[in-house]
Amino acid sequence: MKEYDVAICGYGPVGAVLSILLAQYGHTVCIIEKNNGPSPTARAINTDAEQLRVFDKFGIANMVVENSNQIDRVHFSDVNLQPIQTIDQPKGDSKMGWPNQVLFYQPELESFLRDTVSTYKNIDVIESCELIDFLDDQTSVNLICKKQSENFEIKAKYLIGCDGASSFVRKKLKIQLEDLGYNQKWLVCDAHLTKDINLKNELIQVCDPKRPCTFLHGRRGHLRFEFRVMPNDNEEDFKNEEIIWDLLSPWVNKNNAFLERAVIYKFHACIANEWFKDKVLIAGDAAHQMPPFMGAGMGTGIRDVANIAWKLDLILKNKASKKILTTLKEERYPHAKWTVAQTITIGEIIEGFCAAAKGKEYKPKSTGYGVRFPHIPKGIFSNPDDRITGYPIPQPRITIDKKTVMLDEVIRSKFVIITKCDSYEISKEAKDVVDYLAIEYLHLSDDDDPDGRLNKIFETYQFVLVRPDLYVYGGSSKNDLSKMIVSLKTMFFLMNN
Ligand SMILES: Cc1cc2nc3c(=O)[nH]c(=O)nc-3n(C[C@H](O)[C@H](O)[C@H](O)COP(=O)(O)OP(=O)(O)OC[C@H]3O[C@@H](n4cnc5c(N)ncnc54)[C@H](O)[C@@H]3O)c2cc1C
């Protein structure tokens with residue numbers, strides 16, 4: 001029976017990213033996927049700078065940006081597409097070193113991910129193969145897989161269910177989904193321009209009480225439309241292309257576009273109440289689902305696996321105890337729940353404008369779950385209200401060996417302490433932790449960071465400790481530096497140190 005460090009069920013974007021992050025640490029990975037080839041359907045279309053930084057860890061961020069579109073603005077509009085509220089979208093690189101929002105084409109992204117996976121000798125991909133059972137015993141997880149009606153077994157130290165919304169792994173673990181109160185059907189259409197018709201480069205949330213809808217101008221003429229299925233609709237009607245073209249008519253017609261697909265999705269807002277049991281974890285849509293108004297479902301999954309990868313690495317290298325997995329839910333659950341809640345809020349803003357168009361008042365229900373975006377409230381050292389701790393570190397340009405590089409090229413997937421101080425001392429206990437985790441120091445000079453992206457940090461702290469997932473663990477003065485470093489021992493259940 002073949003043995004791996006980690007088995008991943010599901011070769012969607014989340015499983016693919018996790019496999020690469022783990023392979024980069026040198027672990028052996030097996031991906032089991034019931035389908036064959038990348039999913040041909042464009043579901044996710046929007047991604048952000050934080051995910052681009054994850055993609056950059058394995059060199060595909062530039063390709064994603066080159067094959068994407070950055071829209072000029074977002075509107076909430078009335079039925080005639082007249083703006084009610086407009087948000088201008090800044091273009092170009094944000095302080096994260098990448099654009100804040102790019103619209104991509106999911107089949108293309110999945111092909112970039114799969115091409116990358118194929119370059120790692122320590123990742124095996126078994127497609128047309130379904131995970132049908134697993135048993136988590138004292139030492140490992142035994143997986144029973146079915147391929148071409150033959151069952152076979154593989155063994156892994158850990159199993160991660162990245163197996164999507166109807167996750168078999170989640171169900172088998174008897175993990176419940178908390179329903180956050182949004183269940184609506186929407187018709188999702190993808191079309192492609194065949195002629196340049198000067199379509200505005202926008203994202204529009206059309207607040208039409210008769211049928212709210214969303215329009216996004218994707219990359220190279222890819223257009224995404226989402227129409228709410230209304231109570232009186234006959235869903236069979238949406239199989240009729242003429243009816244679809246009628247819906248698309250404010251923007252395009254048969255003479256200037258072709259229709260790739262029109263499919264009804266049931267959008268849910270829910271989150272798993274547990275994220276792992278012993279050696280089996282869930283991530284991505286298996287752990288949370290949300291309506292696509294914020295374009296953040298896949299992104300939330302990628303944040304999950306960026307968080308999981310370095311923690312599993314510490315476990316697999318016997319540097320941290322399995323208890324580190326308890327930090328997964330503590331860190332990711334409130335953040336993911338905030339994101340789900342925020343997408344519901346956008347839905348509620350649309351409902352509010354629709355109600356106003358009918359002269360009615362609408363009272364939203366959702367709350368923010370006490371966390372800001374993009375912020376993790378746990379797994380951190382210093383004051384979470386400083387707007388530094390628990391946030392991704394901004395990404396400046398710096399100079400290393402007379403070469404200008406971006407900060408992430410130095411951090412990669414390590415712990416790094418960044419400072420402008422030339423002299424400092426740390427305790428023996430802190431030094432042991434630095435050696436144990438191979439924490440690197442990065443000394444910045446006044447010539448580094450020409451755009452001042454780290455100014456706020458260095459106005460507040462002399463040292464900042466960045467986690468391998470690029471989140472700021474904490475900041476300190478010279479006096480507190482040892483305390484901050486030593487706190488990693490208890491925070492992340494480090495062993496033998
Ligand atoms: C219309 C729409 C628009 C969206 N827009 C956005 C957006 O703009 N931005 C964004 O970030 N997100 C968006 N999302 C959400 C995004 O598509 C999902 O969050 C993302 O695809 C989830 O990725 P995943 O890898 O977790 O799961 P999936 O992509 O669902 O992959 C799961 C994989 O597991 C496999 N699998 C399942 N069970 C088994 C088994 N037992 N054995 C073997 N394999 C199995 C499946 O075949 C599948 O390939 C959108 C979703 C929809 C529907």
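Modeller: Two residues are in contact if their C-beta atoms, placed from the backbone, lie within 7 Å. The structure discussed here is a predicted model.

Colleague: Which elements are included in what covers the buried residues of H2?

Modeller: A residue counts as buried if 20 or more other C-beta atoms lie within 10 Å of its own. In H2, 8 of the 8 residues meet this condition, so the helix is largely enclosed by the rest of the structure. The buried residues include the charged Glu 50, Arg 53 and Asp 56. The cover over them includes H1, strand E3 (46-48), helix H3 (61-66), H7 and helix H9 (407-411).

Colleague: Which elements give two or more residues to the side of domain 1 that touches domain 2?

Modeller: The protein is divided into domain 1 (2-66 + 103-178 + 273-357) and domain 2 (384-491). Where they meet, 10 residues of domain 1 are in contact with 9 residues of domain 2. On the domain 1 side, the elements that supply two or more residues are helix H1 (13-24), helix H2 (49-56) and helix H7 (297-316).

Colleague: How many of the residues on that side of domain 1 are charged?

Modeller: The side of domain 1 that touches domain 2 includes 3 nonpolar and 2 polar residues. The number of charged residues there is 5.

Colleague: What distance separates the centres of the two domains?

Modeller: The centres of domain 1 and domain 2 are taken over C-alpha atoms. The separation obtained in this way is 28 Å.

Colleague: Where does the largest nonpolar core lie in relation to the two domains?

Modeller: This core has 149 residues, and Ala 7, Leu 18, Leu 159, Ala 283 and Val 466 touch the most other members. Both domain 1 and domain 2 give residues to the core, so its place is between them.

Colleague: With which residues is Leu 159 in contact, leaving aside its neighbours within four places in sequence?

Modeller: Leu 159 is among the core residues that touch the most other members, as is Ala 7. Its contacts beyond four places in sequence are Ala 7, Cys 9, Phe 134, Val 141, Leu 143, Val 169, Lys 279 and Val 280.

Colleague: Which strands are the edge strands of the open sheet of 8 strands?

Modeller: The pairing in this sheet is mixed, and the order is E5-E4-E12-E13-E14-E11-E15-E18. At one end, 5 bridges join strand E4 (residues 73-77) to E5 in an antiparallel arrangement, with Pro 83 in E5 as the bridge partner of Ser 77. The strands that pair on one side only are strand E5 (83-88) and strand E18 (288-289).

Colleague: At about what angle to E15 does helix H8 run?

Modeller: Helix H8 (residues 326-357) lies across several strands, including E4, E5 and strand E12 (202-206). Strand E15 (257-272) also lies under this helix in the list of strands it crosses, and the angle between H8 and E15 is about 120°.

Colleague: Is Gln 205 buried or exposed?

Modeller: Gln 205 has its place in strand E12. Leaving aside neighbours within four places in sequence, Gln 205 is in contact with His 75, Phe 76, Thr 214 and Ile 350. With 22 other C-beta atoms within 10 Å, Gln 205 is buried.

Colleague: Which residues of E14 make up the face that does not hold His 222?

Modeller: In a regular strand the side chains alternate between the two faces of the sheet. In strand E14 (residues 222-228), 7 of its 7 residues are buried, and His 222, Arg 224, Glu 226 and Arg 228 lie on one side. The other side holds Leu 223, Phe 225 and Phe 227.

Colleague: Which residue takes a positive phi in the hairpin of E13 and E14?

Modeller: Strand E13 (residues 213-217) and E14 run antiparallel and are joined by 5 bridges, and Cys 213 stands opposite Phe 227. The hairpin has 4 residues between the strands. The residue with a positive phi, near 40°, is Arg 220.

Colleague: Which residue of E14 does His 192 stand opposite?

Modeller: E14 is also joined to E11, by 7 bridges, and the two strands run antiparallel. In E14, the residue opposite His 192 is His 222.

Colleague: Which strands stand at the edges of the open sheet of 4 strands?

Modeller: This sheet has mixed pairing and the order E22-E21-E23-E24. Each edge strand has a single partner, so one side of each is left without a neighbour in the sheet. These are strand E22 (440-443) and strand E24 (472-476).

How values were computed: Residues are numbered from 1 along each chain as its sequence is written. This is a predicted model: local features need pLDDT of at least 70, side-chain atom pairs count only at pLDDT 80 or more; totals for chains, interfaces and linings use all residues. Domain bounds come from an automatic or database domain assignment. Two strands pair if DSSP finds at least two bridges between them. Axes are lines fitted to C-alpha atoms, for helices over the stretch in contact, and angles run from 0 to 180 degrees between N-to-C directions. A nonpolar core is a set of buried Ala, Val, Leu, Ile, Met, Phe, Trp, Tyr and Cys residues joined through C-beta atoms within 7 Å. A residue is buried if 20 or more other C-beta atoms lie within 10 Å of its own, exposed if 12 or fewer, and partly exposed in between; C-beta atoms are placed from the backbone.
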